[in-house]
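Student: I've just opened this one and I'd like to learn how to read it. Can we go through it together, feature by feature?

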Amino acid sequence: MLLDRFREAKAEEIALLTDLASRRELPRPWKGRRPDFLKAIAETPAGQPVAVIAEFKQASPSRGVIAQGLKPEDVAEQYAAAGASCISVLTEERFFGGRIGYLERMHRTGVPMLRKDFIFHQLQVMETASTPASALLLIVRLTPDARELRVLREQAEAYGMQAVVEIFDEGDLALARESGARIIQVNARDLDTLETDRQACLDLGKLRRDGEVWIAASAMSAGEHLREAAEAGFQAVLMGTALMDGEKPGEKLAAILEETR
């Protein structure tokens, strides 16, 4: 499974963090204000069917290189101006071409940021807390133990961040709920084949409970997809490749939002 490769790719990073921790040299927690990620996605902006989390992503295993030469801070400004409720920042290096330093470069818009990476160790949560991120991603299949997921989520919350818990099916959802997750992200991409099934993602929306905020991710690329997600019970949609595939991600986001009006 591709997730196994992602986990292996983080081994060196975790070893480095472990070494820093042993020498008490881990970076200090961020002292600035973290905008409220949960509030931003739970409150649908006027004139939109759902909130949009716009992603900065330069590459992916399914597409290879998507965009090069775009400065993170410029894209953040474009997204903020176009109406993004939040910004997702890919920080994984080997497969997605990301850098954790992008979070520092992109925070000045004041739009809440999600650190999107393969996080399954408490030191990674501490590392994230040293950045301006308002939230981080936890994937159930990387941490298929409700108690461990709860520990990571509560640790993130202790630092003033929120945890987006990603699922792929009803089994994952059961574990997410057992861990106390409030923000559920449904990924439409099959991690074995890399194919997407947007309808399967939307079908899970009928299982949303009161008090949960749901995000639809992957295969969302048009205004009609945003409307369909809202009708299926989702409060937010994460859009990445559809926006980054070109030179003007902000213009693409604005055009997609205009389609919904």
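Student: Let's start with strand partners. Which residue in E4 does Glu-55 stand opposite?

Tutor: Glu-55 stands opposite Ser-88 in E4. Keep in mind that this is a predicted model. Those two residues belong to a longer pairing: E1 and strand E4 (residues 86-90) run parallel, joined over 4 bridges.

Student: And what stands opposite Ser-88 in E5?

Tutor: That's Leu-114. E4 is joined to strand E5, residues 113-116, by 4 bridges, and this pair is parallel as well.

Student: Back to E1, then. Which strand besides E4 pairs with E1, and in what sense?

Tutor: Strand E10, residues 236-239, pairs with E1 in the parallel sense, again over 4 bridges. If you want a landmark there, take Ala-51, whose bridge partner in E10 is Ala-236.

Student: What do the strands build when you follow the pairing round?

Tutor: A closed barrel of 8 strands, with parallel pairing. Trace the order as E1-E4-E5-E6-E7-E8-E9-E10. From one strand to the next, the twist averages 25°.

Student: How do I read the side chains along a strand?

Tutor: Here's the general idea: in a regular strand, side chains alternate between the two faces of the sheet. Now look at E1: Ala-51, Ile-53 and Glu-55 point one way, while Val-52, Ala-54 and Phe-56 point the other way.

Student: Are those E1 residues buried or exposed?

Tutor: All of them are buried, whichever way they point. With 6 of the 6 residues of strand E1 (residues 51-56) buried, the strand is largely enclosed by the rest of the structure.

Student: Can we zoom in on one residue of E1? What is the relative accessible area of Ala-51?

Tutor: Ala-51 has a relative accessible area of 0%. The cut-off for buried is under 20%, so Ala-51 counts as buried.

Student: Which residues does Ala-51 contact, leaving aside neighbours within four places in sequence?

Tutor: Ala-51 is in contact with Ala-40, Ile-41, Pro-45, Ser-85, Gln-235, Ala-236 and Val-237. Ala-236 is also its bridge partner in E10. For a sense of how sequence and space can part ways, take Phe-234: it is 183 residues from Ala-51 along the chain, yet their C-alpha atoms are separated by 9.3 Å.

Student: Is Thr-260 buried or exposed?

Tutor: Thr-260 is buried, with a relative accessible area of 13%. You'll find Thr-260 in the segment after helix H12 (249-259). Not counting residues up to four places away in sequence, Thr-260 touches Gly-47, Gln-48, Pro-49, Gly-223, Leu-226 and Arg-227. Thr-260 and Leu-142, 118 residues apart in sequence, are 35 Å apart in space, C-alpha to C-alpha.

Student: Now helices. At what angle do H6 and H7 pack?

Tutor: Helix H6 (residues 122-129) and helix H7 (residues 146-158) pack at about 20°, and their axes are 10 Å apart. That angle makes H6 roughly parallel to H7. The crossing is right-handed.

Student: Which residues make that contact?

Tutor: From H6 come Gln-122, Val-125 and Met-126, and from H7 come Val-151, Leu-152, Gln-155 and Ala-156. Sorted by class, the contact has 5 nonpolar residues, 2 polar ones and no charged ones.

Student: Last one: which strands does helix H8 lie across?

Tutor: H8, residues 170-178, lies across E7 (162-167), E8 (183-187) and E9 (213-217). Relative to E7, H8 runs at about 155°.

Methods: Residues numbered from 1 in each chain as written. Predicted model: local features only at pLDDT ≥ 70, side-chain atom pairs only at ≥ 80, totals over all residues. Heavy atoms only, no water. Buried < 20%, exposed > 50% of the residue type's maximum accessible area, 1.4 Å probe, protein only. Pairing = 2+ DSSP bridges. Axes fitted to C-alpha atoms, helices over the stretch in contact; angles between N-to-C directions. Parallel < 35°, antiparallel > 145°, perpendicular 65-115°, else oblique. Left-handed = near helix turned anticlockwise from the far one by under 90°. Contact = heavy atoms within 4.5 Å. Nonpolar A, V, L, I, M, F, W, Y, C, P; charged D, E, K, R; others polar.
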